[in-house]
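User: Hi! Could you walk me through the pockets and cavities of this protein?

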Amino acid sequence: MTSESGGPRCDRGAGDAAGHPAPRENDPLRRFAGIWCRAVHPLAATTMTPDEFEDYLLPLAHRLSAALRSSSFDTEAAYEVGAALVDAQCTEPDALPAILGVIDAHLVSCSSPGAPFSQPSHEPLADDEARARCVRLQHALAAGFVRELRERERDEQEAISRAALVARTEAEKALHASEAKFQAVFEGAVIGVGIAGLDGEVLVVNDAMARMFGGMDFFRPGRNVTEFVHPDDVPGAHELYRELVNGERDHFRIEKPHYRDDGSELWTNLTVTLLRDSSGAPQYQLALAEDITEHRQLRERLRYEATHDELTGLPNRTLFLERLDQVLAADADAEPFGVCYLDLDGFKAVNDSLGHAVGDRMLEAVAERLRRCVKAPTELLARVGGDEFLALVTGPAAQADGAGLARRMLAALAEPVRIEGRELRVRASIGVVDGRAGEIGRAEVLRSADITMYRAKAAGGNRYEIADADSNARVIARHSLTNGLPSALEKGEFFIEYQPLVRLTDGTVRGAEALVRWLHPLHGVLGPDQFIPLAEDTGLIVPLGRWVLEQAARQAREWRDAAEDDESLRVNVNLSPCQLSHPTLVSDTVAVLENAGLCPSALCLEVTENDLIGADETALRPLRQLADLGVDIALDDFGTGYSNLSYLRRLPVSQLKLDRSFTRGMQRAPADPVDVKIVEGIVSLAHTLDLAVTVEGVETAVQAEHLRGLGCDTAQGWYYARPGPPERLHTLALADAS
């Protein structure tokens, strides 16, 4: 039996029947307890150490010994010892045989009358009687052991049964509560909830789901989810469903459209989850559906507004680029495509003169005409800017179709547009680019189309041009040079070469024209015709021109200091239109002369005839101020502007530089008599107006002699010397240019 606390009962091992203490030395029962411990402890499930277990066994050994030698033999003590051993967790299957074996082998000998501290008996026991009693004690111990073991097992089983009953009751309560909660959620959910079998048959749906689909009649008996197919289902939706019902995935979520019975369309945010049984096998599918029809319509409206032009209703740049990217990324055997970039000619003048309202109506009319040109499903038209339109053509004949579309668009715009009683003519320039998917990127397509469109404008407009790789390369190179100009001046990449100005009467060098060069890190030495127009377009011509003026003035001062004769050398510097109109031209020039210590008469500023044609007095004032200071003003490229010679009387010029086109006929003998007469007349008139005459482009000795005979004052050209460094100024070639 066990105590109420569940541990071994203390009364079973407290001492012997007479209350004698258990001595620890020379006690045969202590020796018996030690043997018993060594035999049983390894087989027991007890938590006691061997010493603790031996101390526990010693009182039990005393009780067995007392029972063995008692005058009134009783086996009850053996029953209790068996129970006490069960209390000590000696419950393993091999423990009982070991317990009984030690008792059978050692109890009688350790309890004999001659043994020290053995219990006295009323009468000495014969050996046979002692062995018989030992056997009966073993039987009683075994019976007590078994009875206690059964009682313990019964108590444990009852405890398990009670716990199982409690757990079952709690589980039933939880299941009932869970079912009630599920039913409440199922019926009261604001989103649609439905359950179907693995075969797709709809088993049950809640009211919210029924309302989405127009009523419970939609889910009539036998309705199957495989019937809910829609043309706009996302790609792969069927595969997701197949994987779910096969147990290969636990859930999926998609946006799915449905047709109601009345033909209207329902969009849902659909989540389908696989329900499994207790063994993990697929059992049902649970669908949760949220009505997103209004959200979808709003999203599509916002998408339309984000991808279409508000004024014309055409696709905008965003949608065009999306479609172009799709075409360029296609793997369908490098599908050909064509792009037309259309820009209206002179549209800014319409806005500026008639107002933006008229301009908008004109754009609407243009868009409508262009829209009628785009008929095929493989063509797309978009408005991508103020007066810019892009068209995309795809298909095997995209190149021919692109050019054909450009012709159709120009033809559609040929008729004037009538707005508020006015007839407005519409002109457009179109750049056409063609290519194949995978061979060219979006940026390159648009850049090429833009370059080609501006090439059409430069050719007069109201036409189309086909993209050309060489033309594109020239424009790209020009753009690269433009970007490099600002840093080139900072890095000191410019330098100046000087071409001698030779006096024809005696062949001496009387000055030089300063010609700027650009030592480009990639393209090498570039002449002024390659970058001066770019500098003028960007405004960099002003700081660059000042730098050239400073360098030339400093060089002229060095020449003057080194000159042996009294007549000073002069330096000619070209002025661009931007410099002429710059407000600091006069002050900058004066500052440069003062800093270099150069007198004004040693400087000649060259201005082209075209820059002065039609110039009013305000435009001429800076030149007059410089001329009054003593600076010479030369009219460069004279004769190219078809000006009236009498116009020279009001210009503040002191020199004419005759254009080379008038003297080419004198390079070889005999000279062209027409050229001779023209030059003779110009020289005569110039000298009458007290103007010196310089001739450019002299390349042969024959030409130089003719010009000397006609009275020209100075000349320059390859016959005398090519442009070079300042130290070679007086080194003249005097050889015909080859």
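User: How much space lies in the largest pocket, counted as the space filled by probe spheres set on the points?

Analyst: This is a predicted model, where local features need pLDDT of at least 70 and side-chain atom pairs pLDDT 80 or more, while totals for chains, interfaces and linings use all residues. Numbering starts from 1 along each chain as its sequence is written, and side-chain values use heavy atoms, without hydrogens and water. On a 1 Å grid over the protein atoms alone, a pocket is an open set of points with protein on both sides within 12 Å along at least five of seven lines, whereas a cavity is a set where a 1.4 Å probe fits but cannot get out; points are joined across faces, edges and corners. For the largest pocket, the volume is about 920 Å³.

User: Which residues lie nearest the centre of the largest pocket?

Analyst: Its lining (residues with an atom within 4 Å of a point) counts 36 residues. Nearest the centre are Glu 513, Leu 515, Pro 528, Asn 574 and Asp 636.

User: Which residues are closest to the centre of the second largest pocket?

Analyst: The second largest pocket holds about 550 Å³ of space. Of its 26 lining residues, the closest to the centre are Val 225, Phe 228, Tyr 241, Lys 256 and Leu 270.

User: And how much space lies in the largest cavity?

Analyst: Happy to add that! The structure has three cavities of 30 Å³ or more. In the largest cavity, the space is about 120 Å³.
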